[in-house]
Amino acid sequence: MAAFALNQQLLCFSNSHSRTTTKPCSAWLLSSKTSVFSIPRKKGRFSLTSCNSQSSSEANTQTAESCVNLGLSLFSKGRVKDALVQFETALDLDPTPREAQAALYNKACCHAYLREGKKAADCLRTALGEYNLKFGTVLNDPDLASFRALPEFKELQEEARLGGEDIGYGFRRDLKLISEVQAPFRGVRRFFYVAFSAAAGISLLFTIPRLFRAIKGGGDAPDLWETAGNAATNIGGIIVLVALFLWDNKKEEEQLAQITRDETLSRLPLRLSTNRVVELVQLRDTVRPVILAGKKETVSVAMQKAERFRTELLRRGVLLVPVIWGESRAPDVEKKGFGARQKAAASVPSIGEDFEKRTQSVIAKSKLKAEIRFRAEVVSPAEWERWIRDQQKSEGVTPGEDVYIILRLDGRVRRSGKGMPDWPQIVNELPPMEAFLSKLER
């Protein structure tokens, strides 16, 4: 999680990616004195690391800033409930907007760690709506991956997508930018729709009086059929242009919904064969996930058939992801970080481990590839089911039917179908990982 600092003299950015095993969620730091700048040499996550130097008199003065810093200290020691008290106290001490934003965000992190999704969402909603927190922070922070697997995040994301007043407009603007990149001429088309509709409307305003005169008749009356034809042309043009404008709007909304689904898909968590938990986005350029969703018997048969083509499928980077309908019980996730031993916590990294930095190292990426086998287990099955059902609705498939979904190396949906896949066909369809076509997918 990117860390934020408030101080009175100097602020400093640091590109440190180190994580302690007792800190499940990086915090927003408030410091009162000095900070040290270090400029990152490589692209990565930015964090603000502060170095406090407070006198004893200042330490005894309870302020919103000191409460946040104390809460962070307690949080790092595993005393999450005590940290919550400090963040709540900070909100009661007339904090500045920046201090309130930090207190709310760290409070949400505590609730997320305690699996209190609703309370975490409420804190984030307040920070987003009243203290200018950017939704991209919540969306992209790897340490909030566990919260993003909860239904409460789905609701928060939908509010952001709709651009409601309680959530702000930043996330929807981001979606629109992506949409404009994918459909660059939509704005131009809309301009012409509006311009031609306005021109037809103005022409119709002049044509209607002429039509009345033509109907009344007289020596200087215009030709009735010609005037009626002009009026009909203008009316028809307006109807067609308005229909095209509305159709384009509908397509944009569908595209925004698809982009949102793609983003949600990228954040869904998986457990690899080594018990490492990662988000799907962390496997981009490494595997082609094939999602098998259906009844337990159907999926089991499909998995057994896939074993016959295991070697060829592995050459093509296929990773089987079985999703059993109705199997939405809470996963038994090993507690890690707070109060855990260093070795135990390191053996099962957090869901939100910073993959971007790790992939900058060829060695680290090789280790991840070595951990990927033929099959992965879904974490938060309910969230996986929800995404698959949304995808089924968008494709016109009855939600709950047995389906398979093949993803590209870049994480987007390659194709999908009803029932279970034909493995020989998939072997023939997918190029090997070292092939040129596979490089184009990355």
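Strand β7 (residues 288-294) and strand β8 pair in the parallel sense, over seven bridges. Two strands count as paired if DSSP finds at least two bridges between them. Strands here are DSSP runs of E with at least two residues, helices are runs of H or I with at least four, and both are numbered from the N terminus. Within this pairing, I291 stands opposite V321 of β8.

This is a predicted model: local features need pLDDT of at least 70, side-chain atom pairs count only at pLDDT 80 or more, and totals for chains, interfaces and linings use all residues. Residues are numbered from 1 along each chain as its sequence is written, and side-chain values use heavy atoms, with hydrogens and water left out.

**Strands**

Strand β8 spans residues 318-324 and is mostly covered, with seven of its seven residues buried. Buried means under 20% relative accessible area, exposed means over 50%, and partly exposed lies in between (1.4 Å probe, protein chains only). V318, L320, P322 and I324 point one way from β8. L319, V321 and V323 point the other way.

Strands of a sheet pair through backbone hydrogen bonds, either parallel or antiparallel. An open sheet of three strands runs in the order β6-β5-β9, with antiparallel pairing. β6 (277-279) and β9 (377-378) stand at the edges with a single partner strand each, so one side of each has no neighbour in the sheet. Strand β5 (residues 269-271) is joined to β6 by three bridges. L270 has V278 in β6 as its bridge partner.

**Recorded spans**

UniProt supplies the features below, from an unreviewed entry. Its positions are given in the numbering used here, feature names are shortened, and annotations may be inferred rather than shown by experiment.

| UniProt feature | Residues | Helix | Strand | End C-alpha distance |
|---|---|---|---|---|
| repeat: TPR | 64-97 | 79% | 0% | 11 Å |
| transmembrane region | 191-208 | 100% | 0% | 26 Å |
| transmembrane region | 228-247 | 100% | 0% | 28 Å |

D94 lies in the loop between α3 (80-92) and α4 (97-113). D94 is exposed, with a relative accessible area of 72%. D94 and T63 are 31 residues apart in sequence, and their C-alpha atoms are 8.7 Å apart in space.

**Aromatic rings**

A pair of aromatic rings is described by the distance of the centres and the angle of the planes. Rings of Phe, Tyr and Trp (its six-membered ring) pair if their centres lie within 6.5 Å; planes under 30 degrees apart count as stacked, over 60 as edge-to-face and the rest as tilted. The count comes to four aromatic pairs. One of them is the stacked pair of F135 and F153, at 6.2 Å centre to centre with 15° between the planes. The pair links distant parts of the chain, 18 residues apart: F135 is in helix α6 (residues 135-140) and F153 in helix α8 (residues 151-162). F135 is buried at 6% relative accessibility, and F153 is buried at 3%. Ring pairs link F135, F147 and F153 into a cluster.

Charges also sit over rings. The rule asks for NZ of Lys or CZ of Arg within 6 Å of the ring centre and within 35 degrees of the ring normal. R190 lies over the face of F245, 5.9 Å from the ring centre. The charged end of R389 sits over the ring of W325, 4.6 Å from its centre.
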